Amino acid sequence: MLILLLAWWSGSNDEEWHEWVGYGALALLGLRILIGFGSRHPHARWGFFLHQLVAFRRSPSTGHPNGRPVLGPLGAFSAMMLLLLMTATAVTGWMLTLEQFVGEDAAEDRHYWAFNLTLAWTALHVLTHVVHWLKHRPVLGADGT
């Protein structure tokens with residue numbers, strides 16, 4: 001989230017900072033890709049996401065003791081979309097540093113739209129987490145304590 005905010009701010013205020021923030025985002029994205037292959041945590045592995053994506057017809061009661069899925073197909077789809085949108089933003093931003101794309105309006109438009117879609121998808125993703133938390137948070141005093 002911090003990377004997105006820094007990229008948004010630096011995009012219109014400091015071009016050099018914007019480029020370095022983009023390289024930082026690309027490094028974090030690369031790290032996340034590597035973690036997906038080598039993590040011991042089952043929910044960080046790519047196989048988990050793929051299993052969730054193909055499990056649309058699975059009973060929602062599997063995977064979590066209280067009857068809710070751990071991530072679910074929509075959560076897996078949202079996480080994968082975030083990674084794809086971040087990749088598109090990073091690649092189109094990197095392309096703007098290459099001589100053949102410097103000053104090209106179409107390349108700048110692709111980067112602009114990729115970044116704005118990433119922002120919108122991130123906001124939607126965070127909003128769904130907040131709504132989920134509000135729906136399932138423990139109510140203070142509900143159990144008599």
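**A walk through a five-helix chain**

Let's begin with the overall make-up: the secondary structure of this protein chain amounts to five helices and zero strands. Keep in mind as you look around that this is a predicted model. Follow the sequence from start to finish and the pattern reads α-α-α-α-α.

Now for some whole-chain numbers. The protein chain has 145 residues, and 25% of them count as buried. Its accessible surface comes to about 10,400 Å², with 69% of that belonging to carbon and sulfur atoms. As for how the chain meets itself, take the contacts with a separation of 6 or more: residues 24 or more positions apart account for 47% of them.

Next, zoom in on α1, which covers residues 2–13. You can check its length with a little reasoning: at 1.5 Å a residue, its 12 residues should span 16 Å, and the end C-alpha atoms are indeed 16 Å apart, so the two figures agree. Have a look at which way its residues point. L4, A7 and S10 of α1 are buried. These three cover an arc of only 140 degrees around the axis, which means they sit on the same side of α1. Turn to the other side of α1 and you'll find L2, W8 and S12, which are exposed. What covers the buried residues of this helix? The cover includes α2 (15–38) and α5 (105–136).

That brings us to α5 itself. This helix has 32 residues and reaches 46 Å from its first C-alpha to its last, close to the 46 Å expected at 1.5 Å a residue. Along α5, the buried residues are A107, H111, A114, F115, T118, T122 and H125.

Finally, let's go to the core. In soluble globular proteins, nonpolar side chains tend to be buried together. Here, the largest nonpolar core is made up of six residues: L29, W46, F49, A76, A79 and L83. Two helices, α3 (46–54) and α4 (72–95), each supply at least two residues of this core. The largest share, three residues, comes from α4.

To get a feel for this part of the model, pick out L83, one of the core residues. Which residues does L83 touch, if you don't count those up to four places away in sequence? They are L29, R32 and W46. Two of those names should look familiar: L29 and W46 belong to the largest nonpolar core as well.

Key. Residues are numbered from 1 along each chain as its sequence is written. This is a predicted model: local features need pLDDT of at least 70, side-chain atom pairs count only at pLDDT 80 or more; totals for chains, interfaces and linings use all residues. Side-chain values use heavy atoms; hydrogens and water are left out. Helices (H or I, at least four residues) and strands (E, at least two) are DSSP runs, numbered from the N terminus. The expected span of a helix is 1.5 Å times one less than its number of residues. Buried means under 20% relative accessible area, exposed over 50%, partly exposed in between (1.4 Å probe, protein chains only). The arc is that of the directions from the helix axis to the C-beta atoms. Contact means heavy atoms within 4.5 Å. Accessible areas come from the Shrake-Rupley method with a 1.4 Å probe; for residues, only the protein chains shown count as cover. A nonpolar core is a set of buried Ala, Val, Leu, Ile, Met, Phe, Trp, Tyr and Cys residues joined through side-chain atoms within 4.5 Å.
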